[in-house]
Amino acid sequence: MTRFTLTTYPTGLVWGGYRVYTLDALPALFDALLAYQSAAVKDPYANLMMQAFPLNGTLGVLLNMVYNRPVENPDAFAPFYDIPAIADTVHIQPMTDFLASQVPPSLPRLNWYATSFKTDATLFETVEEIVTSSPELDTIRNLTAGSIAVGWQPISTSVIQAGYARGGNALGLADTNQTWFVIDIGWWNAEDDAVANEAAASLVARVEDAAKSSGNYVDYIFMNDAAVTQDVIGHYGMGNVARLHAVQRRYDPLKVFQKLVPGGFKLPSEG
């Protein structure tokens, strides 16, 4: 028998929703994101994700914010308040309503590619240029229903420190302010799979190269946003992979979760 013990906490009304901006607001939004991530004292109730849509003439940038208390305009998001938005749905609502408002894309062909990097103003500018002007965008644009969303998910040191305070983790997370970066692509036809995936993988590689050359690369791939071709578990580090193999040998000696469970990321082979 396998048992999991979880720590839970109550949640009810939150201040949350999204604000929409034109694409030319990206520089100001990056400045705000840098200020938000660089705060000396992190507000544990605040979280956000920013997405840019460089091929969408109507939807430029979407900022999704949630504050896990019914408090309007909390100070944690102050860096964003003076940036004019073209649409605003943020209000106090039940957490369940906030979650239900997150509408997934409807295209039949979808994939994600992820990487991570530290909080750095110059790198943010470089990433902005990459995701708005690289030739891979034309490749995706020319596909039937080709679309792309680029996401920045800020992760603070307080989140990582809280994990270590409760016994650590097997993810190899660096104790630094960081961004979990994701490129979402969508297209219509199966015959375009290779072209779409190659373009997205190339874009992520450009971002990763920029992070490495500036000394801001974080060796972590967020599993929820990774492509099946990315080595998610291998990026946890050799020590953590060895630890996971030890757990597997003890609790799953027949490798049920390695061999019989379809899909998902599996432990790399030993030896």
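V14 stands opposite Q93 in β5. That pairing is a good place to enter this predicted model. It belongs to a longer contact between two strands. β1 covers residues 13-21, and β5 covers residues 91-94. The two run antiparallel, joined over four bridges.

Strand β1 has other partners too. Seven bridges join β1 to strand β3, residues 61-67. This pairing is also antiparallel. Within it, G16 has V66 as its bridge partner. Strand β4, residues 87-88, pairs with β1 as well, through two bridges. Here again the strands run antiparallel. R19 in this pairing stands opposite D88 of β4. How well covered is β1? Seven of its nine residues are buried, and the strand is mostly covered.

Now turn to the nonpolar interior. In soluble globular proteins, nonpolar side chains tend to be buried together. The largest nonpolar core here has 49 residues. Which of them touch the most other members? They are M50, F117, W152, F181, I183 and I185. Helix α6 gives this core its largest share, eight residues. A separate core lies apart from it, with 15 residues. Among its members are I155, I160, W180 and V218.

F181 deserves a closer look. Leave out residues up to four places away in sequence, and F181 still touches Y113, A114, T115, F117 and V127. The list goes on with V131, V150, G151, W152 and V207.

Aromatic rings come next. The structure holds 13 aromatic pairs. One of them joins F117 and F124. Their ring centres lie 6.3 Å apart, and the planes stand at 75 degrees. An angle over 60 degrees counts as edge-to-face, so this pair is edge-to-face. Both partners are buried: F117 has a relative accessible area of 0%, and F124 has 2%.

F117 pairs with F181 too. This time the centres are 5.7 Å apart, with 45 degrees between the planes, and the pair is tilted. What does the pair link? It links distant parts of the chain. F117 sits in strand β6, while F181 sits in strand β8, residues 178-187. The two are 64 residues apart. Like F117, F181 is buried.

Other rings gather into a cluster. Ring pairs link W15, Y36, F77, F80 and Y81.

Charged side chains add another set of links. Side chains of opposite charge can pair when their charged atoms come close. The structure holds six salt bridges. In one of them, D193 meets R109, with 2.3 Å from N to O. D193 lies in helix α6, residues 193-213, and R109 lies in strand β6, residues 109-118. The two residues are 84 apart in sequence, so their salt bridge ties together separate parts of the chain. Is R109 buried, exposed or in between? R109 is partly exposed, at 27% relative accessible area.

Helix α6 takes part in another such link. R206 forms a salt bridge with E136, and their closest N and O atoms are 2.8 Å apart. R206 belongs to α6, whereas E136 belongs to helix α4, residues 136-141. Those partners are 70 residues apart, and the pair links distant parts of the chain. Their surroundings can be compared by accessibility. R206 is partly exposed, at 35%. E136 is buried, with a relative accessible area of 8%.

A further salt bridge stays inside α6. K212 pairs with E208, and their closest N and O atoms are 3.9 Å apart. The cut-off for a salt bridge is 4 Å, so this pair falls within it. Why are the two about one helical turn apart? They are four residues apart in helix α6, and that spacing separates them by about one turn. K212 is partly exposed, at 45% relative accessibility. E208, at 18%, counts as buried, because buried means under 20%.

K212 has a second partner. It lies over the face of Y217, at 4.9 Å from the ring centre.

Helix α6 thus appears in several places. It supplies eight residues to the largest core. It holds D193, in the link to strand β6. It also holds R206, in the link to helix α4.

Conventions
Residues are numbered from 1 along each chain as its sequence is written. This is a predicted model: local features need pLDDT of at least 70, side-chain atom pairs count only at pLDDT 80 or more; totals for chains, interfaces and linings use all residues. Side-chain values use heavy atoms; hydrogens and water are left out. A salt bridge is a side-chain nitrogen of Lys or Arg within 4 Å of a carboxyl oxygen of Asp or Glu. Buried means under 20% relative accessible area, exposed over 50%, partly exposed in between (1.4 Å probe, protein chains only). A nonpolar core is a set of buried Ala, Val, Leu, Ile, Met, Phe, Trp, Tyr and Cys residues joined through side-chain atoms within 4.5 Å. Contact means heavy atoms within 4.5 Å. Rings of Phe, Tyr and Trp (its six-membered ring) pair if their centres lie within 6.5 Å; planes under 30 degrees apart count as stacked, over 60 as edge-to-face and the rest as tilted. A charge sits over a ring if NZ of Lys or CZ of Arg is within 6 Å of the ring centre and within 35 degrees of the ring normal. Two strands pair if DSSP finds at least two bridges between them.
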